[in-house]
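Colleague: I should like to go through this model with you, beginning with its strands. May we have the sequence and structure on display?

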Amino acid sequence: MIQEVVPLLFVEDINRSVAFYKDKLGFELAMKWEPEGQLSWCRMERDGAAMMLQQACEEDGPATGRGRGVGFFFNCDDVNALHVELHGV
């Protein structure tokens, strides 16, 4: 039985990406991998939703076009309440 599907995003700046998902969207850092003291991979979670972020490197190919054709849809109980939370309106 499949329990969940968790997308893995290759990002240009993992620290900036973690800050965005944490500070702007309210995700929490659930797991991380820090070889040589540098964050290289993490799992972010919020309200039962999860995603993984990984620092992109040269072996991942060119950044141009990376992520093209991918969309994220966050379903929630009350979109207006979430909008107020995220925008402080």
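Colleague: Which residue takes a positive phi in the hairpin of β3 and β4?

Modeller: This is a predicted model, in which local features need pLDDT of at least 70, side-chain atom pairs count only at pLDDT 80 or more, and totals for chains, interfaces and linings use all residues. Residues are numbered from 1 along each chain as its sequence is written, and side-chain values use heavy atoms, without hydrogens and water. Strands are DSSP runs of E with at least two residues, and helices are runs of H or I with at least four, numbered from the N terminus; two strands pair if DSSP finds at least two bridges between them. The hairpin has 2 residues between its strands, and the residue with a positive phi, near 50 degrees, is D47.

Colleague: Over how many bridges do β3 and β4 pair?

Modeller: Across this pairing, M44 stands opposite M51 in β4. The two strands, β3 and β4, run in the antiparallel sense, and the number of bridges is 6.

Colleague: Why is β3 largely enclosed by the rest of the structure?

Modeller: Buried means under 20% relative accessible area, exposed over 50%, and partly exposed in between (1.4 Å probe, protein chains only). Strand β3 is largely enclosed because the buried part of its 6 residues numbers 5.

Colleague: Which element gives the largest share of the largest nonpolar core?

Modeller: Such a core is a set of buried Ala, Val, Leu, Ile, Met, Phe, Trp, Tyr and Cys residues joined through side-chain atoms within 4.5 Å. The largest one has 12 residues, including F27, C42 and M44. Two or more residues come from each of β1, α1, β3 and β4. The largest share, 3 residues, comes from α1.
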